[in-house]
Amino acid sequence: MAQIVERMLRAAKLDASLYEEVEADPAALGQALGVVVLSSVAGGLGAPGEGGAGLVVMGTISALLSWFIWAYLTYLIGVKVMPEPQTRSSPGELLRTIGFSSAPGLVRVLGLIRPLAWIVFAVASVWMLVAMVVAVRQALDYRSTGRAVGVCAVAWVIQAVILALLFTLFGTTA
């Protein structure tokens with residue numbers, strides 16, 4: 001338990017060595033899954049407005065789908081379409097690093113303090129995005145942060161379209 005907490009704190013501090021560590025640790029996949037779930041539950045609990053348990057459940061399902069889709073798209077785009085010469089990675093490595101990049105999302109529980117909810121969510125969103133870029137840069141062994149930003153942006157757009165189609169198909173909103 002102490003290890004995952006320490007890793008989540010390092011991920012939130014944007015510690016590049018943490019992302020290298022979880023990239024190399026296949027046993028960290030369960031921890032990465034736990035980080036995604038905890039972050040989404042925190043988001044559901046602290047979400048501005050009313051949503052209750054349904055929001056937490058749908059938010060968790062959406063976060064898990066998004067994590068999985070985004071990691072695989074990042075692998076395809078980052079390794080197959082936009083690699084640097086030294087780029088070597090696997091879907092598992094990206095699932096682990098991207099999962100830990102959700103750690104800053106735990107602060108969204110502070111949205112329970114209603115006057116702060118929108119501010120908390122805005123700060124958490126930017127923080128998680130920056131963590132994602134660090135995670136992708138490390139997992140793909142990029143020297144260029146700009147390339148990592150590009151891969152994250154392209155993968156995000158594609159996964160957003162996929163999720164929108166899935167939710168439309170199943171008559172659900174995220």
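Gln 31 lies in helix 3. The model is predicted. This briefing covers helix 3, the surroundings of Gln 31, and a nonpolar patch on the surface that includes Leu 45 and Leu 110.

**Helix 3**
- Helix 3 runs over residues 29-46, which makes 18 residues.
- At 1.5 Å a residue the expected span is 26 Å, and the C-alpha atoms at the two ends are 26 Å apart, so the model agrees with the expected value.
- Ten positions can be listed by name as buried in this helix: Gln 31, Ala 32, Val 35, Val 36, Ser 39, Ser 40, Ala 42, Gly 43, Gly 44 and Gly 46.
- An α-helix has 3.6 residues a turn, so residues three or four places apart point the same way.
- The cover over the buried residues of helix 3 includes helix 1 (2-12), helix 4 (52-81), helix 5 (91-100) and helix 6 (117-139).

**Gln 31**
- Gln 31 has a relative accessibility of 15% and therefore counts as buried, the cut-off being under 20%.
- Apart from neighbours within four places in sequence, Gln 31 has contacts with Gln 3, Ile 4, Arg 7 and Phe 100.

**Nonpolar surface patch**
- Leu 45, Val 109, Leu 110, Leu 112, Ile 113, Leu 116, Ile 119, Val 123 and Trp 127 form a nonpolar surface patch of about 770 Å².
- Helix 6 gives the largest share of this patch, with three residues.
- Leu 110, one of the patch residues, sits in the loop between helix 5 and helix 6.
- With a relative accessible area of 44%, Leu 110 is partly exposed.

Note on methods. Residues numbered from 1 in each chain as written. Predicted model: local features only at pLDDT ≥ 70, side-chain atom pairs only at ≥ 80, totals over all residues. Heavy atoms only, no water. Helix = DSSP H or I, 4+ residues; strand = E, 2+ residues; numbered from the N terminus. Expected span 1.5 Å × (residues − 1). Buried < 20%, exposed > 50% of the residue type's maximum accessible area, 1.4 Å probe, protein only. Contact = heavy atoms within 4.5 Å. Patch = residues over 30% accessible without salt bridge, like charges linked within 9 Å, V, L, I, M, F, W, Y side chains within 5 Å. Areas by Shrake-Rupley, 256 points an atom, 1.4 Å probe, with all protein chains shown as cover. Salt bridge = Lys/Arg side-chain N within 4 Å of Asp/Glu carboxyl O.
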